[in-house]
Amino acid sequence: MTQYERVADTTAHTGEGPLWHPEEELVYWVDIPNGKLFAYDPETDEYDLVYQTDGVPLGGYTIEEDGALLLFTHGTVSRLEPGADKAEPIAEVSDAETRFNDVIADPEGRVFCGTMPGENELGDLYRVDPDGSVTLVVEDVDIPNGMGFTDDLETFYFTESEAHVIYAFDYDRETGELSNQRTFVEVPTDDGIPDGMTIDENGDIWSARWDGGRVVRYSPDGEVLEEIELPARKVSSATFGGPEYEDLYLTTALTDNDRDEEGDGAGALFRVSDVGPSGVPEFRSRISLE
């Protein structure tokens, strides 16, 4: 039986977006609506609140090529220098009327970033290029979520949570364009909601299950290979971390409920060690300040 550990017992409303920072040897993750950025140090087995926004949600972030963090809040992209207590805005997504939700850097330093549905409209997926320009790439998405790339960098995965679908697109590395949208996996409506994801060295996809209490590992053909269950119902995202990327870290959410309803450890960061395949380093963003 796979063993999990609760390594950071936060009670995050919506824990999300875990990433391993290889230079700092820390796992970062966010509590979206509370605008909090946490960091866990596996060497000391301690975690800290390292940054908090000024009252706006923090939907996601990427690691810049120089190690700084690029924060995606509510229509604004900001740069957080290591050790700084204030982030500097560098780009605006003028059409975004709601907060960001899940972001990922591509091999060329661009960032794909989703926005939440609003009162009268669905969400969208945008691309921010290194020069700071913004392009709308997928419209009318019912909660944009987990993204990733195949190891040949020819396919882009993208999750539409409320549609219970993970899509695959042809990906053009030179231009960043997406095309030929098709269904990779369709999740039964009673099987939890597909949320964040990560991809391992074998090209397998690890998809978190909101209200499903687990993470599901798929082969590149869409076959279910493994499921790892947690006591928390809302498993929101996954990443591999550690110097050799051998440990799987999972974020969870408590929302406005209590742990009697959402399960033991809801809102905490969990770790599953030695799951088999290792992860791979995430791509770095390279968004210019000019």
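1. Surface. The accessible surface of the chain amounts to about 12300 Å², and carbon and sulfur atoms account for 39% of it. The model is a predicted one, and the values in this note are computed from it. Of the 290 residues, 58% count as buried.

2. Overall form. A compact globule of 290 residues would have a radius of gyration near 19 Å, and the 17 Å of this chain agrees with that. The C-alpha trace spans about 50 × 40 × 40 Å along its principal axes. As to secondary structure, the chain has 1 helix and 24 strands. Contacts between residues at least 6 apart in sequence join residues at least 24 apart in 46% of cases.

3. Strand S20. How many of the residues of strand S20 (residues 214-218) are buried? The count is 5 of the 5, so the strand is largely enclosed by the rest of the structure. In a regular strand, side chains alternate between the two faces of the sheet. Both faces of S20 are covered. On one side Arg 214, Val 216 and Tyr 218 are buried, and on the other Val 215 and Arg 217 are buried. Two arginines of this strand, Arg 214 and Arg 217, are thus among the buried residues, on opposite sides.

4. Partners of S20. Strand S19 (residues 205-210) pairs with S20 in the antiparallel sense over 5 bridges, and Ile 205 stands opposite Tyr 218. Strand S21 (residues 224-229) also pairs with S20, antiparallel and over 5 bridges. There the bridge partner of Tyr 218 is Val 224. Tyr 218 therefore has a partner in the strand on either side, Ile 205 in S19 and Val 224 in S21.

5. The two hairpins. Between S19 and S20 the hairpin has 3 residues, and Asp 211 takes a positive phi near 65°. Between S20 and S21 the hairpin has 5 residues, and Gly 222 takes a positive phi near 90°.

6. An open sheet. Four strands form an open sheet in the order S6-S7-S8-S9, with antiparallel pairing. Which strands stand at the edges? They are S6 (60-63) and S9 (88-92); each has a single partner strand, so one side of each is left without a neighbour in the sheet. Neighbouring strands of this sheet are turned by 25° against each other on average, direction ignored. Strand S8 (residues 76-80) is joined to S9 by 4 bridges, and Arg 79 stands opposite Glu 88 in S9.

7. Aromatic pairs: Phe 72 and Phe 100. The structure holds 17 aromatic pairs. In one of them, Phe 72 and Phe 100 meet edge-to-face, 5.3 Å centre to centre with 90° between the planes. Phe 72 lies in strand S7 (residues 69-72) and Phe 100 in strand S10 (residues 100-105), so the pair ties together parts that are 28 residues apart in sequence. Phe 72 is buried at a relative accessible area of 0%, and Phe 100 is also buried at 0%.

8. Aromatic pairs: Phe 158 and Phe 169. The ring centres of Phe 158 and Phe 169 are 6.5 Å apart and their planes stand at 55°, so this pair is tilted. Phe 158 belongs to strand S15 (residues 155-160) and Phe 169 to strand S16 (residues 165-171), so parts 11 residues apart in sequence are tied together. Both residues are buried. Phe 158 and Phe 169 also belong to a cluster linked by ring pairs, together with Phe 112, Phe 149, Phe 156, Tyr 171 and Phe 283.

Definitions and conventions. Residues numbered from 1 in each chain as written. Predicted model: local features only at pLDDT ≥ 70, side-chain atom pairs only at ≥ 80, totals over all residues. Heavy atoms only, no water. Pairing = 2+ DSSP bridges. Axes fitted to C-alpha atoms, helices over the stretch in contact; angles between N-to-C directions. Phe/Tyr/Trp six-rings, centres within 6.5 Å; stacked < 30°, edge-to-face > 60°. Buried < 20%, exposed > 50% of the residue type's maximum accessible area, 1.4 Å probe, protein only. Rg over C-alpha atoms; globule rule 2.2 N^0.38 Å. Contact = heavy atoms within 4.5 Å. Areas by Shrake-Rupley, 256 points an atom, 1.4 Å probe, with all protein chains shown as cover.
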